[in-house]
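This note is addressed to a colleague who is new to the structure. Please read the numbered points beside the sequence and the model.

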Amino acid sequence: MNVPNHIAIILDGNGRWAKAKGMPRSYGHVKGCANLEKICDHIKDVGVKYLTVYAFSTENWKRSKEEVEGLMKLFRSYLKKCMKSAKKNNMRVKIIGDITAFDEDIQQSIIELEEYSKDFDSIYFQIALNYGSRDEIKRAVRKLAKDVENGELKPEEIEESTIESYLDTAGIPDPDLLIRTSGEQRLSNYLLWQLAYTEFYFTDVAWPDFGKKELIEAIEKYNGRDRRYGGVKEDTNV
């Protein structure tokens, strides 16, 4: 089986999954977070090198105050647990998105996790927090424009690779496969630049129920597709 080098996942359906069980949305988020730890193990088992997950979007701030506060509490707990998972799986963790919107203690936990795991190299795990692709591109363009203004870059020197170097995912190869759980079939402002040549796989299974069996099914579907194209960003980390 040809295993994708990089899988991106939109972790969808936690709230609906909980509601179907007569439980609050927060219960679904807790179970979804626990499942993320398991998926990191499964990803290593099947031989995937890169995993990028959409955990909290720039739009998610619009959810109820109670739900957002619950998610922040969950992030605080998960970021600390993730150190153990990083060590167990020899996994480097990187947060993509604008972390400045989070409370200082969450920002500090992110910095500590990235520093702790920076030399691990069996798996490269990216977590999108306060991430929106349009916001990412906006921030990248502002930095690029500033460098042009300062004379550090000439407009005629700007190539695709130049733009990529300003994105949150700089140095990370583009995803080969995108998985979205829970039946929705849209990108929801996720990795719009990076998914240009990516294969998409949608499943009705909600994220808390998405396990190794479902992961392998997605990879098998990926294997059945014709991947003839050019221009995919190369892996610069290995």
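1. A disulfide is taken here as a pair of cysteine sulfur atoms within 2.5 Å. By that criterion the structure, which is a predicted model, holds zero disulfides.

2. Why is there no bond between cysteine 40 and cysteine 82? The sulfur of cysteine 40 has its closest cysteine sulfur in cysteine 82, but at 6.4 Å that atom is too far for a bond. Seen from cysteine 82, the closest cysteine sulfur is that of cysteine 40, again at 6.4 Å and too far.

3. Are these cysteines buried or exposed? Cysteine 40 counts as buried because its relative accessibility is 1%. Cysteine 82 is likewise buried, its relative accessible area being 1%.

4. The strands deserve attention next. An open sheet is formed by six strands, which follow the order β3-β4-β2-β1-β5-β6 with parallel pairing. At the edges lie β3 (91-96) and β6 (199-202), each of which pairs on one side only. From one strand to the next, the twist averages 20 degrees.

5. Within the sheet, strand β2 (residues 50-57) is paired with strand β4 (residues 123-131) in the parallel sense, over seven bridges. Which residue of β4 stands opposite phenylalanine 56? The residue is leucine 129.

6. Helix α7 (residues 212-223) packs on the sheet. The helix touches β1 (6-10), β5 (177-180) and β6. The direction of α7 makes about 135 degrees with that of β5.

Methods
Residues numbered from 1 in each chain as written. Predicted model: local features only at pLDDT ≥ 70, side-chain atom pairs only at ≥ 80, totals over all residues. Heavy atoms only, no water. Pairing = 2+ DSSP bridges. Helix = DSSP H or I, 4+ residues; strand = E, 2+ residues; numbered from the N terminus. Axes fitted to C-alpha atoms, helices over the stretch in contact; angles between N-to-C directions. Contact = heavy atoms within 4.5 Å. Buried < 20%, exposed > 50% of the residue type's maximum accessible area, 1.4 Å probe, protein only.
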